[in-house]
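Here is a friendly walk through one protein model, from its overall fold to its charged pairs. Have the viewer open as you read.

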Amino acid sequence: MRPADHSEAPVAAANPFAAVDVLAILQERGWLMAGPSVEQQAWCERAASMLGGHAADRAGLAELLGLIFHYDAREIISKVESHVVLSRYAARGVLREVALRLLDGEALTSDRFKEIVTAMKEGMELRGRELFHPIRLALAGRAGEGELDRVILLLDEAAALSFAAPVKSARERIVEFCSALD
C-alpha cells in the first residue's frame, strides 16, 4: 500500500515555451522588427518563463503577449465585461488607490506589486476579485486570474526597452484608464 499524498499545493503547469517562441510571436506581430538586443532577449526569456505555463498553446501565449503590446483604455472600458467589474463594490476606490501608488513613478516590480497589494488589502479590507479584478482590468486590459498579474509584472521592464510597438508602463496605463473613466 502506498502512503497517501497529503500535499495540497497545486501542481504547476509544465512550460512548453521558451524565449524563441516569444521572439517569434513578437516578430510575427511586428512588435520586434530587428534581431533582439541583449536586454530584449532577456525580457523574452522572462516572459516565456512567467507566461508559458499559463498558456494552453501558442495562440494563448500570443494573446497574453498582446495584452502587453496593445493597450487602449477607451476600448477596454467600452466592453460590457469591464462595466461589470467597474460596477462591483469598491472597484473605483481600488483604482484610485492603485493610481495614487503608481503615480510616484517607481518601477512596478514583483516586490513593489506585492507591497501595493498588501497595503491595499490592509487599508481597504478587500480580498479576491473585488481587489484584483479592477487592478487587472486597468493594467492588463481585462479582469481574470493570476496569469494577468504576470502580464502586469512584465509591463515596466518592456516599456523601458525599444520594441517596435511601444509598451505603456503600469503608470501610463493607470493614468490613461482613469482619464478614460471620466
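The report below starts with the overall fold, moves to the nonpolar core and ends with the salt bridges.

**Overall fold**

Please keep in mind that this is a predicted model. The protein chain has ten helices and zero strands, so from the N terminus on its elements read α-α-α-α-α-α-α-α-α-α. With a radius of gyration of 17 Å, close to the 16 Å that the globule rule gives for 182 residues, the protein chain is as compact as a globular protein of that length. Its C-alpha trace spans about 60 × 40 × 30 Å along the principal axes.

Contacts within the protein chain reach across the sequence: of those between residues at least 6 apart, 68% join residues at least 24 apart. Of the 182 residues, 43% are buried. The exposed surface of the protein chain comes to about 9,900 Å², and carbon and sulfur atoms supply 52% of that area.

**The nonpolar core**

In soluble globular proteins, nonpolar side chains tend to be buried together. Here the largest nonpolar core holds 61 residues. Which residues have the most contacts inside this core? They are W43, L65, I68 and F177. Leaving aside residues up to four places away in sequence, W43 touches V22, L26, L65, I68, F69, L154, E157, A158, L161 and F163. Two of these partners, L65 and I68, are thus also on the list of residues with the most core contacts.

**Salt bridges**

Side chains of opposite charge can pair when their charged atoms come close. How many salt bridges does the structure hold? There are nine, and the table gives three of them.

| Pair | N to O distance | Relative accessible area |
|---|---|---|
| E28 and R58 | 2.7 Å | E28 55%, R58 34% |
| E106 and R112 | 3.9 Å | E106 45%, R112 5% |
| E130 and R129 | 3.7 Å | E130 26%, R129 44% |

The salt bridge between E28 and R58 has E28 in helix 1 (residues 19-28) and R58 in helix 3 (residues 58-69), so it ties together parts that are 30 residues apart in sequence. E28 counts as exposed, while R58 is partly exposed.

In the pair of E106 and R112, E106 is partly exposed and R112 is buried, because its 5% relative accessibility falls under the 20% cut-off. For E130 and R129, whose side chains also meet in a salt bridge, E130 is partly exposed, and R129 is partly exposed too. Elsewhere, salt bridges that share partners join D104, E106 and R112 into one network.

How values were computed
Residues numbered from 1 in each chain as written. Predicted model: local features only at pLDDT ≥ 70, side-chain atom pairs only at ≥ 80, totals over all residues. Heavy atoms only, no water. Salt bridge = Lys/Arg side-chain N within 4 Å of Asp/Glu carboxyl O. Helix = DSSP H or I, 4+ residues; strand = E, 2+ residues; numbered from the N terminus. Buried < 20%, exposed > 50% of the residue type's maximum accessible area, 1.4 Å probe, protein only. Core = buried A, V, L, I, M, F, W, Y, C linked by side-chain atoms within 4.5 Å. Contact = heavy atoms within 4.5 Å. Rg over C-alpha atoms; globule rule 2.2 N^0.38 Å. Areas by Shrake-Rupley, 256 points an atom, 1.4 Å probe, with all protein chains shown as cover.
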